[in-house]
Amino acid sequence: MNIPLLDLKTQYQSMRSEILAAIEATCDEQGFILGPRVVALEQAVAKYVGSTHGVGVASGSDALLLALMALGVKAGDEVVTVPFTFFATAGAISRLGAKPVFIDILPDTYNMDPALLEQAVTARTKAIIPVHLFGQCADMETINEIAHRRRAGVIEDACQAIGAGRHGRRAGVLGDLACFSFFPSKNLGGFGDAGMVTTNDQTLAESVAMLRVHGSRVRYVHEAIGINSRLDALQAAILLVKLKRLDQWAEARRRNAARYGQLFQDEKLLDRVSLPVVDAGNHHVFNQFTLRVQKRDELRAFLKDHGVGTEVYYPRPLHLQNCYRELGYEKGAFPHSERAVEEVLSIPIYAELTDEQLQYVVHTIAAFYRRH
Ligand SMILES: *Cc1c(COP(=O)(O)O)cnc(C)c1O
C-alpha cells in the first residue's frame, strides 16, 4: 500500500469540474487584483469564523507580518511567542526589527504554556502570538487576560486552525487579530499561496487593508509604508469552492483521529506511542495528527519503506536556529520544545483516507515495535 502524508489529488478529483468552472469564470472576467471574488471570500471566511472583518492577503506569513504592522510593532519592540512552530511565526516579528521572546510549550497540546507568559512580558512587549498548533486552539482565556492587563495585543497564529474552536467560538475571534494560511497543505488550501487576517476591530481591519496595498487607502496617496500582499482572485475563486466543503473534511479528519485512537489501543501501542491530547473545551480540526513516539527516526524510515508518508513538524526549535543565534538562547532553555522536536511524528489524517488505510498505518507501526 502507498499512503502519502497528504493526498490532494483525490480531493481535487471530487470537485474538479466546479473548480475549473470557477477558474474559467475568473479568467473570462480578467480581473485578477482584489475585486469581487476576493471580497466574497473575505466575507465568507469572516462569516465562517464569526468575525466582522476579513482581509485577504498573499500568504499566512504576510498575514502575520501585516497583523503585527497593524498593531504598530516596530524596531525595538518585543513580541512573545513559542519556539515550537513554523518559522513564519517568529520570522514576521524579526522582519519588523522587533525581538521574538520565546516561552515554552505545554508538553501535551504543544501550545503556549500560559503560566510562563506573565514573566516574559516587559514594558517593551507590544504583542503576543499564540499558535494554534496542528489544529487545536491555545489557552486563549489565560493569554488574553494577561495581555489585556499588560496592554499587549494578541495575534492568533491560526494558520493551521481554520474551523478549530474553543468553548464554542472559532479561531479567528479569540484574540485582537487572527492569521490564516491557505497554503495547499492547510485544511482550507488554495492552489498556491494565500492568506487572510480576521478581526472584530474595524480600525485594525482597515489598517491591514491599507498596509497590504503599500499603505494607501486612496490610490497614489500613501499614509504608511506598507507592502504588496494581496490575495489573488484566482485563489479566491478556488477557495470559495473549497470553503463549502471545509466542515465536512474537518469532520472526516476528526473521525479518522478517533479511529486511530481505537486502533492504537487495539494494537496495545499506547505505551510506545502518545496520541494527541485535546484540551477541555477545544474543538480540534487535526490539520496534523501528531504522535509522540519512541525511536522516532527509525520508525519514520520503516514507515517510508512500507509506503506510509510521515513528516516531522518541526525538527528544530526556533531558538536553536542559526539565524536566531544572536538572541542568545542556549540548548536547554525550553525543555518541552526541545523534547518535542526529538519525538513528534505526524501521520496521514486527510479526509479521504479509507479505513483500510488507517488500519494499514497502525499495523505497520505495530510491526515496527514488534521488531524493536
Ligand atoms: C503555514 C503556517 C504559516 C505560514 O503560512 P504560509 O501561508 O505558508 O505563509 C505560519 N504559521 C504556521 C503555524 C503555519 O502552519
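Below is a short conversation about the two domains, the ligand site and the salt bridges of this predicted model.

User: Happy to start with the layout. Which residues make up domain 1 and domain 2?

Analyst: The domain assignment gives 8-102 + 111-243 as domain 1 and 246-371 as domain 2. Their C-alpha centres are 25 Å apart. On the contact between them, domain 1 brings 37 residues and domain 2 brings 32 residues.

User: What makes about 3000 Å² the size of this interface?

Analyst: Interface size is often given as the accessible area lost when the parts come together. Domain 1 and domain 2 bury about 3000 Å² between them, and carbon and sulfur atoms account for 57% of that area. On the domain 1 side, F84, F134 and N187 supply 25% of the area buried against domain 2, more than any other three residues.

User: Why is the pair D279 and R166 called a salt bridge?

Analyst: The cut-off is 4 Å between a side-chain nitrogen of Lys or Arg and a carboxyl oxygen of Asp or Glu. In D279 and R166 the closest N and O atoms are 3.4 Å apart, so the pair qualifies under that limit of 4 Å. The count of salt bridges between domain 1 and domain 2 is two. Polar contacts between the domains add up to 24 residue pairs.

User: Which elements shape the side of domain 1 that touches domain 2?

Analyst: At least two residues each come from α1 (8-13), α5 (88-95), β3 (99-102), β6 (165-166) and α8 (233-243). The largest share, four residues, belongs to β3. By class, that side has 19 nonpolar, 13 polar and five charged residues.

User: Now the ligand, please. What makes the approach of S181 a polar contact?

Analyst: An N or O atom in the S181 side chain is 2.6 Å from an oxygen atom of the ligand. The limit for N or O atoms is 3.5 Å, so the pair counts. Q160 also has a polar side-chain atom 2.8 Å from a ligand oxygen, while for D157 the partner is a ligand nitrogen, at 2.8 Å. In total, 16 residues surround the ligand, and the closest are G60, S61, Q160, S181 and K186.

User: Back to salt bridges: why does the pair E78 and R124 tie together parts that are apart in sequence?

Analyst: The whole structure holds 22 salt bridges, and in this one the closest N and O atoms of E78 and R124 are 3.3 Å apart. E78 sits in strand β2 (residues 78-81) and R124 in the loop between β3 and β4 (125-128), so the bridge links parts 46 residues apart in sequence.

Key
Residues are numbered from 1 along each chain as its sequence is written. This is a predicted model: local features need pLDDT of at least 70, side-chain atom pairs count only at pLDDT 80 or more; totals for chains, interfaces and linings use all residues. Side-chain values use heavy atoms; hydrogens and water are left out. Domain bounds come from an automatic or database domain assignment. Contact means heavy atoms within 4.5 Å. Buried area is the accessible area (1.4 Å probe) that two parts lose on being put together, summed over both. A polar contact is a pair of N or O atoms within 3.5 Å; within protein, one must be able to donate a hydrogen and the other to accept it, and residues adjacent in sequence count only if both atoms are side-chain atoms. Ala, Val, Leu, Ile, Met, Phe, Trp, Tyr, Cys and Pro count as nonpolar, Asp, Glu, Lys and Arg as charged, and the others, Gly among them, as polar. A residue is near a molecule or strand if one of its heavy atoms lies within 4 Å of it.
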